[in-house]
Amino acid sequence: MESVNSEEMDKQSLWSQLKHFNWQRYASFIALVFLIVLSSFLSPYFLKPQNLINIMRQVSYTGIIGLGMTFVIITAGIDLSVGSLTAFTGAVVILTMNAALKVVDNEVIVILIGFITGILVGGAAGAFNGFMITRGKIAPFIATLGSMAIFRSMSLYIGNAGEIQSHNSLYGEFGMGTFMFVPVPVFFLLGLAAVLNLVLNNTRYGRYLCAVGSNQKVALFSAINVDKTKFIAYTLIGVLVGISAILLGSRFNAVSTSNMGLAFELDAIAAVIIGGTAMAGGRGTIWGTIFGALILGIINNMLNMVGVSPYLQGTVKGIVIIAAVYVQKQKQ
């Protein structure tokens, strides 16, 4: 009799723990684990090391941009220009390196020049967006929609709507390089995520970001410089786009000015929303964005493996974004 009562109490305790478990906080991680298990049953090739490495490499580029998008969306903003800016920055980086090779013999130094150029160009473009939104008082959606057209147009112009090849032989090796079987872009993604997670959760600027996104008027009355907080967030995402453009350009040792970065804004926003960052602003997590990027990467990988047309992948992403925002609205 006592053993029966003990089992009943254990069941009630387990049920109580499940009821009070913070499902929302770990939803993206649980979804990621579920997808991995499901994918391993759907395809025997999914868990092959080379396939997993390919997924990690592919999500790194939009994942890096997603980290910056997390900061922007926490302020209740958005940046639609990141895809076009990736192409523009990548084109400027390769043109700069090709020009530098004519006066500098050392290819490593030339790559460093390319890195600095990419970060500066991306940061300046992000600051341009931030200036329009904070000083110009233009809605983020409209401001970045306009800059999206500007950056794509400029990249097409400087590349004659074609491909720009790098003359640096080490640049391509850098982009396809690995360390302990892990692709170089993955190290950039995880390193940047660790730093930005620290900034978001352990610094005054991180608290300001959440305060501005939660209630801008209250933040203003609390002596928070709202415009400066937003300006830094848009500049930061520009810098991260610059880093992503350098890594992506080095992967192919070239930049296609018409195709590079297409739909990156969709992938970055989707990763952020799936990762649990509130579309209305005020809260978000960096590691959630990483999980969101991995979820998208696995979905794309599985769609390819089961033979679904790549043209339908945008449909899946759109449905996932709408579903994630709908769930957020229901919780509010």
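Let's start in the loop between α11, residues 226-252, and β4, residues 254-256, because that's where Asn-253 is found. This is a predicted model, by the way, so keep that in mind as we go. Asn-253 isn't a glycine, and yet its phi is positive, about 55°. As background, most residues other than glycine have a negative phi. And is Asn-253 buried or exposed? Its relative accessible area is 18%, and the cut-off for buried is under 20%, so Asn-253 counts as buried.

Okay, hop over to another loop, the one between α5, 107-134, and α6, 140-158, where you'll see Lys-137. Lys-137 is also not a glycine, and its phi is positive too, near 55°. Lys-137 has 59% relative accessibility, and exposed means over 50%, so this one counts as exposed.

One more positive phi while we're at it: Gly-276, which follows α12, has a phi near 105°. Now look at α12 itself, residues 264-274. How many of its residues are buried? It's 10 of 11, so we can call this helix mostly covered. The buried ones include Phe-264, Ile-269, Val-272 and Ile-274, and Glu-265 and Asp-267 are on that list as well.

Next up, helix α3, which covers residues 49-74, and Ser-60 within it. Ser-60 has a relative accessible area of 0%, so it's buried. What does the side chain of Ser-60 have by it? A polar atom of that side chain lies 2.6 Å from the backbone oxygen of Met-56. If you set aside the neighbours within four places in sequence, Ser-60 is in contact with Pro-185, Val-186 and Leu-189.

Staying with α3, let's see how it meets α13, residues 286-305. The two axes come within 8 Å and cross at roughly 140°. Over 145 would count as roughly antiparallel, so α3 and α13 are oblique to each other instead. The crossing of α3 past α13 is right-handed.

So who's touching whom? On the α3 side you have, among them, Ile-55, Val-59, Gly-63, Gly-66 and Leu-67. On the α13 side, the residues include Ile-290, Ala-293, Leu-294, Gly-297 and Ile-298. Sort the residues of this contact by type and you get 10 nonpolar, 7 polar and no charged.

If you want to pick out the polar ones on screen, try Asn-51 and Thr-70 from α3, and Thr-289 and Asn-301 from α13, which are among the residues that meet there.

Conventions:
Residues numbered from 1 in each chain as written. Predicted model: local features only at pLDDT ≥ 70, side-chain atom pairs only at ≥ 80, totals over all residues. Heavy atoms only, no water. Helix = DSSP H or I, 4+ residues; strand = E, 2+ residues; numbered from the N terminus. Buried < 20%, exposed > 50% of the residue type's maximum accessible area, 1.4 Å probe, protein only. Polar contact = N/O pair within 3.5 Å; in protein donor to acceptor, adjacent residues only side chain to side chain. Contact = heavy atoms within 4.5 Å. Axes fitted to C-alpha atoms, helices over the stretch in contact; angles between N-to-C directions. Parallel < 35°, antiparallel > 145°, perpendicular 65-115°, else oblique. Left-handed = near helix turned anticlockwise from the far one by under 90°.
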